[in-house]
Amino acid sequence: MSMNESAVTRNELRWAVVVAAMVAIVFGAILFATLALHRAPPGQVETIDPTTLHLAGEFAEPALGTTVASNGDVTVRIVAAQFAFVPQCVAVPQGKPVTLRFASPDVIHGIIVTGTNVNTMVVPGYVSEVRTVFAEAGDHLMPCHEFCGLGHSEMLARVRVLPQSQFQPDASGKVGCGLR
Ligand code: CUA
């Protein structure tokens with residue numbers, strides 16, 4: 001069996017169309033994830049002034065911890081500083097989307113929530129945001145995993161995943177770890 005030159009050319013063009021279609025599909029999926037689902041790589045940076053974190057805004061002390069918005073969105077704000085997290089324990093609901101936001105006033109820290117895929121660096125000058133759903137109720141440890149100085153190994157917080165029946169915001173929409 002032999003193919004003449006025009007048959008070979010047609011064959012090549014067909015495959016070029018297939019490859020172009022695959023590239024278009026992948027590129028379309030990236031655009032869809034970025035624009036419609038707001039999922040973008042960490043290059044989508046959100047900056048914040050590390051020297052005034054504590055004075056005003058969402059990382060001032062009264063705003064830290066877990067807040068439930070009027071539309072039900074759950075946001076957790078945590079400051080990672082040498083050598084502690086503020087607050088030391090945060091409560092989150094089981095089986096619901098949660099947005100975790102971190103900022104550092106001093107050096108680079110990192111967080112990992114054990115038993116989950118939550119893992120990010122916290123770089124001064126930037127807000128690190130992680131969105132996740134915690135599947136299992138119970139306490140998870142959240143250690144700092146970026147060497148940040150002599151107290152690095154002492155830097156540890158706790159994520160308390162509460163069944164939704166026990167996840168009750170107070171009048172200001174805050175939920176604490178409580179004494180359980
Ligand atoms: Cu903070 Cu290591």
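**Strand β5 and its surroundings**

Let me begin with one pairing: Val74 has Val98 as its bridge partner in β5, where strands are DSSP runs of E with at least two residues, helices are runs of H or I with at least four, and both are numbered from the N terminus. Please keep in mind that this is a predicted model, in which local features need pLDDT of at least 70 and side-chain atom pairs count only at pLDDT 80 or more, while totals for chains, interfaces and linings use all residues. Residues are numbered from 1 along each chain as its sequence is written, and side-chain values use heavy atoms, with hydrogens and water left out.

β2 and β5 run parallel and are joined over six bridges, and two strands are said to pair if DSSP finds at least two bridges between them. β5 also pairs with strand β8 (residues 128-133), here in the antiparallel sense and again over six bridges, with Phe102 standing opposite Ser128 in β8.

How many of the seven residues of strand β5 are buried? Six of the seven are buried, so this strand, residues 97-103, is largely enclosed by the rest of the structure; buried means under 20% relative accessible area, exposed over 50%, and partly exposed in between, with a 1.4 Å probe and protein chains only.

Turning to strand β2 (residues 74-81), we find Val76 there, and Val76 counts as buried because its relative accessibility is 0%. Among the residues that Val76 touches, leaving aside those up to four places away in sequence, are Val90, Val98 and Leu100, where contact means heavy atoms within 4.5 Å.

By contrast, Trp15 in helix α1 (residues 5-35) is exposed, because its relative accessible area is 56%.
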